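Hi everyone, thanks for making time. I'd like to walk you through one structure today, from the outside in and then on to the cysteines.

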Amino acid sequence: RGKDSRIIADGILNTGCGDMVFSGLLDENNWLECEMEVTNLCLSELTNDDKFGKTSFTLIADGTIDKENQPLGNISGLINNFEYSNYNYKDIKFDVTSQHEGIKGLIVAKDENIDLNVTGEISHNQPNPVYNIDMQINKFCPNRLNLTEKYEGESLSLKVNANIKGKSINDIAGKIHIDSITIQTPQKTYFTESIKIVGENIANGNRRITTDGDFIDATVTGKFNYSDIANSFINKLGASIPILFKTSSKLKNVFEFEFTLKDSEMARHLLNTDLVFYEPVMIAGSIDDTNNFIETRIRGNNIFFNGDEYKDLYFNANNDENLKIDLGVTRQEKKGHSTKIGIEGKANNNRLDTKLSWTAIGGDQESKGTLNASAMFSDSLGRTKTLINLNKSNLVIKDTIWNVHPSSISIYGENIAIN
């Protein structure tokens, strides 16, 4: 209905997917004010995703659209309930204000299993938008929220500050600081002081990202897209075994990387492993997509896993011609026995040749030997077929030499044939 030069509207909408009560006013200056109350909105039907349930919320908004089609005003409200993954979140407040210089907002959740406060500001009136976000999680219980079957009875708390700028994920620069990371379990408390991530643009179109944390230090330097770093590794595998690894021809990443893995009780808990690093593990290398090149080096010592100690770990990989790998490690068992293991591999044209050698010393089970095998991969009616040939090899157990005769194994779907 109209009144003076204003337009006023109010009403009630009842549907099988939820109900809504609304009222609104639009004045002569195109300033809009409205209130809305929505109950039992069926998100599962709107999203076609059964993980979503129903939601009810109230919303108050006022604002306008300026001459440059930029929205100006404020939206605030309260989400009374929000069902996801068979959990009902309650009492989530939000408030967002849009101005010429940018957008400011906050989200506050005080649910019994998620207690968080997020404030943020986006400055978009410049060539590279600036994002400044502060988040404090006082309590986050992923198992009780039905987000995972793991971490029963556990809660997470942490603080995050992000100050970054950029138009997209691939040109972002800035800092992310995560601190006071605490995991509370029924038996123990795990604490990590901080993780700092810095992304920066350096000379000649290169960029660098560094991570400094209690359990990992990392540096990646070169020309790369953040979203494609993992695909660069997959591409190098796909160049030699394309039937197993799908490649992308559009990648042009050229970068060097260096990682240092340090011992961490929290990492062991999250990964559910008993892996212990008494000395840092070093990982370094480089990738050049334009020349289809990869080089990777891993070095480690005094690593404990499943009750055994592993020493003198090394791993080298490169693809000058074929993809080649060279791995070695010595396993020191509790009883004084030790086994030195070496693996050499070469991959090309959907074929993988490997050489496994070992020498066991100590006790009455001394042995050594070498096994040579080749695996060939092919496509048969849209499924991968694998043929493994075990070549003639020799084993020495105590003073006895054993001859391993050639054999083959064919794997196709659920069918396995051994010759």
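Let me start with a term: a patch here is built from residues with over 30% relative accessible area and no salt bridge, and nonpolar side chains are joined into one within 5 Å. Please keep in mind that this is a predicted model.

With that in hand, look at the surface. Ile409, Ile411, Ile416 and Ile418 make a nonpolar patch of about 380 Å². Two elements each give two or more residues to this patch, namely β29 (407-412) and β30 (415-418). Take Ile416, which sits in strand β30. Is Ile416 buried or exposed? Ile416 counts as exposed, because its relative accessibility is 61% and the exposed class begins over 50%.

Now, in soluble globular proteins, nonpolar side chains tend to be buried together. So let's go inside.

The largest nonpolar core has 23 residues, and those touching the most other members are Tyr89, Leu116, Leu158, Ile178 and Ile181. Which strands supply at least two residues each? They are β5 (52-65), β7 (87-99), β9 (114-123), β11 (155-165), β12 (173-184) and β13 (189-201). Strand β7 provides the largest share, with four residues.

Let's zoom in on Leu158. Setting aside neighbours within four places in sequence, Leu158 is in contact with Met135, Gln136 and Ile137, and also with Ile178, Asp179, Ser180 and Ile181. Apart from this core lies another one, of 18 residues, and Val220, Tyr226, Phe255 and Phe277 are among them.

Next stop, Ala173, which you'll find in strand β12. Ala173 counts as buried because its relative accessibility is 12%, and buried means under 20%. Beyond its neighbours within four places in sequence, Ala173 is in contact with two runs of residues: Asn163, Ile164 and Lys165, and then Gly199, Glu200 and Asn201. From Ala173 to Ile209 there are 36 residues in sequence, and their C-alpha atoms lie 8.7 Å apart.

Finally, the cysteines. How many disulfides are there? The count comes to zero, taking a disulfide as two cysteine sulfur atoms within 2.5 Å. Why does Cys17 not form one? The closest cysteine sulfur to that of Cys17 belongs to Cys42, and at 4.4 Å it is too far for a bond. Cys17 counts as buried, at 15% relative accessibility, and Cys141 counts as buried too, at 2%.

That's my tour, and I'm happy to take questions.

Technical notes:
Residues are numbered from 1 along each chain as its sequence is written. This is a predicted model: local features need pLDDT of at least 70, side-chain atom pairs count only at pLDDT 80 or more; totals for chains, interfaces and linings use all residues. Side-chain values use heavy atoms; hydrogens and water are left out. Patches are made of residues with over 30% relative accessible area and no salt bridge: like charges are joined within 9 Å, nonpolar side chains (Val, Leu, Ile, Met, Phe, Trp, Tyr) within 5 Å. Accessible areas come from the Shrake-Rupley method with a 1.4 Å probe; for residues, only the protein chains shown count as cover. A salt bridge is a side-chain nitrogen of Lys or Arg within 4 Å of a carboxyl oxygen of Asp or Glu. Buried means under 20% relative accessible area, exposed over 50%, partly exposed in between (1.4 Å probe, protein chains only). A nonpolar core is a set of buried Ala, Val, Leu, Ile, Met, Phe, Trp, Tyr and Cys residues joined through side-chain atoms within 4.5 Å. Contact means heavy atoms within 4.5 Å.
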